[in-house]
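Reader: I've never read a protein model before. Could you walk me through one, feature by feature?

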Amino acid sequence: MKIDGACHCGLISFTAEIDPRHVVVCHCTDCQVLSGSAFRVSVVAPAGSVSIQGSPRRYVKTAESGARRAQLFCPECATPLFTMAQEGGPSITIRLGCVTQRSELVPAAQIWQRSSLPWLSGLAHIPGSPEQQAKPAL
Ligand SMILES: [Zn+2]
Ligand SMILES: [Zn+2]
């Protein structure tokens, strides 16, 4: 499946060819901190299929295992875009939030569930609104 996307300010954009079955939710604590959110959703693409316009900035993260992975983000608006092995490699992982077709891409698996935030399983029951609401009803 062909996908495309861009960061929030539009400085970095990309196209890629992905298998829509390769969408994964990661609940690890690094993903929580790096996304500024409860979990991170990504899709893996063969490196050769990814075409990037613009020059993302890199932050190299060392995992508990010692693996070093480059986290690529927009230098202007800080949108997280990609991750890859520090030395490059056969695949590039794309952050789902910046993919135009994200609503069509349903995760096939969840990993690191031992650090999943405890309220996630009840998310559907938390009061909500179709658009912004000034304050939660308390
Ligand atoms: Zn940007
Ligand atoms: Zn993670």
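**Strands, hairpins and a core**

Author: Sure. In strand 2, Thr15 is the bridge partner of Asp4. Keep in mind that this is a predicted model.

Reader: How many bridges join strand 1 to strand 2, and which way do the strands run?

Author: Five bridges join strand 1 to strand 2 (residues 13-17), and the two run antiparallel. They belong to an open sheet of three strands in the order 1-2-5, with antiparallel pairing. Strand 1 (2-6) and strand 5 (51-53) are at the edges with a single partner strand each, so one side of each has no neighbour in the sheet. On average, neighbouring strands of this sheet are turned by 10° against each other, direction ignored.

Reader: What about the faces of strand 1: which residues are covered and which uncovered?

Author: General idea to begin with: in a regular strand, side chains alternate between the two faces of the sheet. Here, Ile3 and Gly5 make up the covered face of strand 1, while Lys2, Asp4 and Ala6 make up the uncovered one.

Reader: And which residue takes a positive phi in the hairpin of strand 1 and strand 2?

Author: Gly10 does, with a phi near 90°; that hairpin has six residues between the strands. You can look for a similar feature elsewhere: the hairpin of strand 8 and strand 9 has five residues between the strands, and there Gly88 takes a positive phi near 85°.

Reader: Let's stay with strand 9. Why is strand 9 largely enclosed by the rest of the structure?

Author: Count its buried residues. Four of the five residues of strand 9 (residues 91-95) are buried, so the rest of the structure largely encloses it. Then check its partners. Strand 4 (residues 40-46) is joined to strand 9 by five bridges, running antiparallel, and Pro46 stands opposite Ser91. Strand 8 (residues 80-85) also pairs with strand 9 in the antiparallel sense, over two bridges, with Phe82 opposite Ile94.

Reader: Which residues have the most contacts inside the largest nonpolar core?

Author: Ala16, Val43, Ala45, Leu81 and Ile94, in a core of 24 residues. Strand 2, strand 3 (23-26), strand 4, strand 7 (68-73), strand 8 and strand 9 each supply at least two residues of this core.

Reader: Leaving aside its neighbours within four places in sequence, what is Leu81 in contact with?

Author: With those neighbours left out, Leu81 is in contact with Cys7, Ile12, Pro56, Leu72, Phe73, Cys74, Arg95 and Cys98. Try finding each of them on the model.

Note on methods:
Residues numbered from 1 in each chain as written. Chains lettered and ligands numbered in written order. Predicted model: local features only at pLDDT ≥ 70, side-chain atom pairs only at ≥ 80, totals over all residues. Pairing = 2+ DSSP bridges. Axes fitted to C-alpha atoms, helices over the stretch in contact; angles between N-to-C directions. Buried ≥ 20, exposed ≤ 12 C-beta atoms within 10 Å, placed from the backbone. Core = buried A, V, L, I, M, F, W, Y, C linked by C-beta atoms within 7 Å. Contact = placed C-beta atoms within 7 Å.
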